[in-house]
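Here are my notes on the model, jotted down as I went through it. Have it open alongside and check each point against what you see.

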Amino acid sequence: MTTTESSPPVIEARGLTKSFGDVQALSDLSLSVNAGQVVGLLGPNGAGKTTAIKMMTTLTTLDEGSAAVSGFDVTTRPNEVRQLIGLAGQSAAVDEKLTARENLELFGRLYKIPRHERRRRVEDLIEQFDMAEFADRPAGTYSGGERRRLDVVAALIANPLALFLDEPTTGLDPRSRADLWDAISMLAAQGTAIVLTTQYLEEADRLADDILIIDHGKVVASGTPETLKRQLNRDVLEVRVATEDDVATVLSVIGEIDGVAADVAGRRVGIPVGDGASRSLELLRAIQDGGVAITDFQLRRPTLDDVFLVLTGSLAVDTEEGAA
Ligand SMILES: Nc1ncnc2c1ncn2[C@@H]1O[C@H](COP(=O)(O)OP(=O)(O)OP(=O)(O)O)[C@@H](O)[C@H]1O
Ligand SMILES: [Mg+2]
């Protein structure tokens, strides 16, 4: 841990609000990120994620609210802010005609890193992020994943205190995504304050200390991944039985216990059990005692997908397997 409770946040935004004509792109978004923390902005297409990032990184003006990095206000001290942050946006800043090495060198110059140090920094990053294989080819020839890696690494050149990553892993294959996750975790562990946007629930769950779920420009829920999941408090015990009669028996047995409303699909009965495994055991025993042969059962825990679905009414694009 690199921070104490009392140290001021590295990134602080209050009441960020922005509209484009009739479109309210963002409304009253507040967040604060300490050194070593990752805050995730999670939302579907058009939710306002990029707008928020642009406001915090001086790329677009604020209609209302304020944002600051290390105490420097984005509106009144944009130059200082730019020197302190790294940004990997959705529309990449790299030059297609230049190689990765040349691009990184150029970014280093923009950040006024002294030549000697710059060389070393570029080589370190290329090695650390496993880019040697393509570092001397023009960026225009890169695969999607190679390109994305260069975008993110370019944001790291000046060792920024605050890092903004706008959908860093969109379009990457699972392995490249996992690599980038490791890299992001490592940067946070080294003390970088990170704001990350994503449409991948799994990604927010895995990386973010705090998550803001946004939809149509509004924050619809926020908290740690655990809190968000707990808010839902909806473990479901799914019991499968052999016959229609068994379904009826199951319903009457659990109805006698405390009148919970079960959800029936064919010969499967879904029973909300709050967040208790012991409750499931109790129910299973009662069902068996009622003379029903259970052919299968499982306890389904809520995922961030469930939270997201309940809150926004739309299913996120993530269907990735692999989260354990
Ligand atoms: N320059 C602009 N002019 C007009 N409308 C804009 C502009 N920029 C953003 N918007 C609108 O504001 C809303 C939020 O857009 P934004 O790019 O912030 O969403 P997003 O969450 O980043 O979406 P995505 O996941 O697709 O990148 C959208 O309705 C978008 O069409
Ligand atoms: Mg966006």
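Which of the 13 residues around ligand 1 come nearest? I'd begin there, keeping in mind that this is a predicted model.

1. The ligand shell. Phe 20, Ala 25, Lys 49, Thr 50 and Thr 51 come nearest to ligand 1, out of 13 residues around it. As for character, the shell divides into eight polar residues, four nonpolar and one charged.

2. Who supplies the shell. Helix 1 gives the most, with three residues. Strand 2 and helix 1 each supply at least two residues of the shell around ligand 1, so both are worth having on screen when you look at the ligand.

3. The sheet beside it. Strand 2 also belongs to an open sheet of four strands, in the order 2-1-4-5 and with antiparallel pairing. Strand 2 (23-33) and strand 5 (72-73) stand at the edges; each has a single partner strand, so one side of each is left without a neighbour in the sheet.

4. The middle pair. Strand 1 (residues 11-20) and strand 4 (residues 64-69) pair in the antiparallel sense, over five bridges. If you want a register check, find Thr 17: Glu 64 in strand 4 stands opposite.

5. Helix over sheet. Helix 1 (residues 49-56) lies across strand 1, strand 2 and strand 4. Relative to strand 1, helix 1 runs at about 120 degrees.

6. A hairpin further along. Strand 9 (residues 210-215) and strand 10 (residues 218-223) pair in the antiparallel sense, again over five bridges. Leu 212 has Ser 222 in strand 10 as its bridge partner. Two residues sit between the strands of this hairpin, and His 216 in the turn has a positive phi of about 45 degrees. Take a look at that residue when you go through the backbone angles.

7. Domains. The domain assignment gives domain 1 (11-223) and domain 2 (234-301). Their centres, taken over C-alpha atoms, are 46 Å apart.

8. The whole chain. Overall there are 11 helices and 14 strands in the protein. The C-alpha trace spans about 80 × 45 × 40 Å along its principal axes. Buried residues account for 38% of the 324 residues. Among contacts between residues at least 6 apart in sequence, 70% join residues at least 24 apart.

Conventions: Residues are numbered from 1 along each chain as its sequence is written. Chains are lettered from A and ligands numbered from 1 in the order in which they are written. This is a predicted model: local features need pLDDT of at least 70, side-chain atom pairs count only at pLDDT 80 or more; totals for chains, interfaces and linings use all residues. Two strands pair if DSSP finds at least two bridges between them. Two residues are in contact if their C-beta atoms, placed from the backbone, lie within 7 Å. Axes are lines fitted to C-alpha atoms, for helices over the stretch in contact, and angles run from 0 to 180 degrees between N-to-C directions. A residue is buried if 20 or more other C-beta atoms lie within 10 Å of its own, exposed if 12 or fewer, and partly exposed in between; C-beta atoms are placed from the backbone. A residue is near a molecule or strand if its C-beta atom, placed from the backbone, lies within 6 Å of it. Ala, Val, Leu, Ile, Met, Phe, Trp, Tyr, Cys and Pro count as nonpolar, Asp, Glu, Lys and Arg as charged, and the others, Gly among them, as polar. Domain bounds come from an automatic or database domain assignment.
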